[in-house]
Amino acid sequence: MRIVMMATGDIALPCFRALAETGELVALITQPDRPVGRHMVLTPPRIKVLAEERGIPVFQPEHMRDADAVAQLRAYEPDIVVVMAYGQILSQEVIDTPKVACINAHASLLPRHRGASCIQAAIEAGDDETGITIMHVVKKLDAGDIICQLSIPLNGTETAESLHDTLAELAPDALMDAISCLEDGADDRQEQDESLMTYAPKLHRADGEIDWNQPATQVARKIRAYHSWPGTFTVYPSVKSGEDKVLKIYPPIDLFSKAKKPADSRPGMVLESGPDGMLVSCGGPHGGALLVTTMQPPGARKMNAESFFAGHKIMPGTILGLPSKRQD
């Protein structure tokens, strides 16, 4: 089999290594090098560096739908095209190019959590399990027939960062099983049940704002789900300047029952603050509160509560959140 991989994100690195070891990987197609960091240094995808180290040809079209890009793909004469975290929508010409199949490795148990933020969505939704799906690529987003799936349980402590790494290591097993099925002609494809479909759109930094009106369990899930991208934050009024400042919030987060809250507490109210953390009241039918122990003020490093409150003040009774959402 001649295999071409189309991938950019780091989650695809273990699959790339597995394919390279087969000796059947004839090329990598990945995104162009991009400026990264404060100084905008032109930086290649990590998977490109790995390919070059192994002597595997690399192709980096700006737009895979362009005729020249499609022609280059055809020149590789692939039997199978493997797509994982590539970052571009594929045309029907690309999908139809391989002789056997164009397949995708997706980090959820489809049809649940189609889309770019599937890992975050599984944590934020409180799912009991997630996994890797290998499917046929079709024009409709993540809607192709399933070839195989591998699942893992979720224990309620994962962050998106840790789950990303776990799923990355799981993916090669699912991928190699799928390729073996295709090689043997035993492609027992399973159509997705559209009634079970959920969508996980691409996330932006603004999506990380904490809504303290939600129950503590939901806020805690969001903090874990959005670590480390796009991150979570809240806004607090500075005691010194009176201006609103952004405070980034990090896991771990401790949950407290509503019995910990005074009767007159409101969502976003700081109940306690000090070296052990900042206890914040949450809303929703089950209430509860969260103890924030790791945070990052503007222009500073991430720090624990003891370090933060040594130089900053957020007094009990303060209401966190954007001014428009504060309950006075």
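Which backbone oxygen does the side chain of Q31 reach at 3.2 Å? In the predicted model, that oxygen belongs to G87. Q31 itself is placed in the loop between β2 (25-29) and β3 (34-36), and with a relative accessible area of 12% it falls under the 20% limit and therefore counts as buried. Beyond its neighbours within four places in sequence, Q31 is in contact with T8, P45, Q60, Y86, G87 and Q88, so that G87 appears both in this list and as the residue whose backbone oxygen is reached by the Q31 side chain.

The chain as a whole contains 8 helices and 15 strands, and its C-alpha trace spans about 65 × 45 × 30 Å along the principal axes. Of its 328 residues, 51% are buried, while the exposed area comes to about 15900 Å², of which carbon and sulfur atoms supply 50%. Among contacts with a separation of 6 or more, 63% are made by residues 24 or more positions apart.

An open sheet is formed by 7 strands in the order β5-β2-β1-β6-β7-β8-β9, with mixed pairing. Its edges are β5 (58-59) and β9 (146-153), each of which pairs on one side only. Within this sheet, β7 (residues 101-106) and β8 (residues 129-136) run antiparallel and are joined by 4 bridges, with A105 standing opposite I134 of β8.

A further set of pairings is centred on strand β13 (residues 277-281), in which 5 of 5 residues are buried. The cover extends to both faces of the strand, with G277, L279 and S281 buried on one side and M278 and V280 buried on the other. β12 (residues 270-274) is connected to β13 by a hairpin through 2 residues, and the two strands run antiparallel with 4 bridges between them; in this pairing S273 has M278 as its bridge partner. β13 also pairs with β14 in the antiparallel sense, again over 4 bridges, and here M278 stands opposite V292. M278 thus takes part in the pairing with β12 as well as in that with β14.

Helix α7 (residues 216-225) is largely enclosed by the rest of the structure, because 7 of its 10 residues are buried. The buried positions are A216, V219, A220, K222, I223, R224 and A225, a set that includes the side chains of K222 and R224 alongside those of alanine, valine and isoleucine residues. These buried residues pack against two helices, α5 (118-124) and α6 (160-184), and against the strands β10 (232-237), β11 (244-256) and β14 (289-296). Strand β14 is accordingly found both among the packing partners of α7 and in antiparallel pairing with β13.

At the surface, L141, M197 and Y199 make a nonpolar patch of about 300 Å². M197 lies in the loop between α6 and α7 and counts as partly exposed, its relative accessibility being 34%.

Towards the end of the chain, T318 is found in the segment after α8 (305-311), where a relative accessibility of 15% places it among the buried residues. Its side chain reaches the backbone oxygen of M315 at 2.7 Å. Apart from neighbours within four places in sequence, T318 is in contact with P237, G268, M269 and V270.

Key. Residues numbered from 1 in each chain as written. Predicted model: local features only at pLDDT ≥ 70, side-chain atom pairs only at ≥ 80, totals over all residues. Heavy atoms only, no water. Buried < 20%, exposed > 50% of the residue type's maximum accessible area, 1.4 Å probe, protein only. Contact = heavy atoms within 4.5 Å. Pairing = 2+ DSSP bridges. Patch = residues over 30% accessible without salt bridge, like charges linked within 9 Å, V, L, I, M, F, W, Y side chains within 5 Å. Areas by Shrake-Rupley, 256 points an atom, 1.4 Å probe, with all protein chains shown as cover. Salt bridge = Lys/Arg side-chain N within 4 Å of Asp/Glu carboxyl O. Polar contact = N/O pair within 3.5 Å; in protein donor to acceptor, adjacent residues only side chain to side chain.
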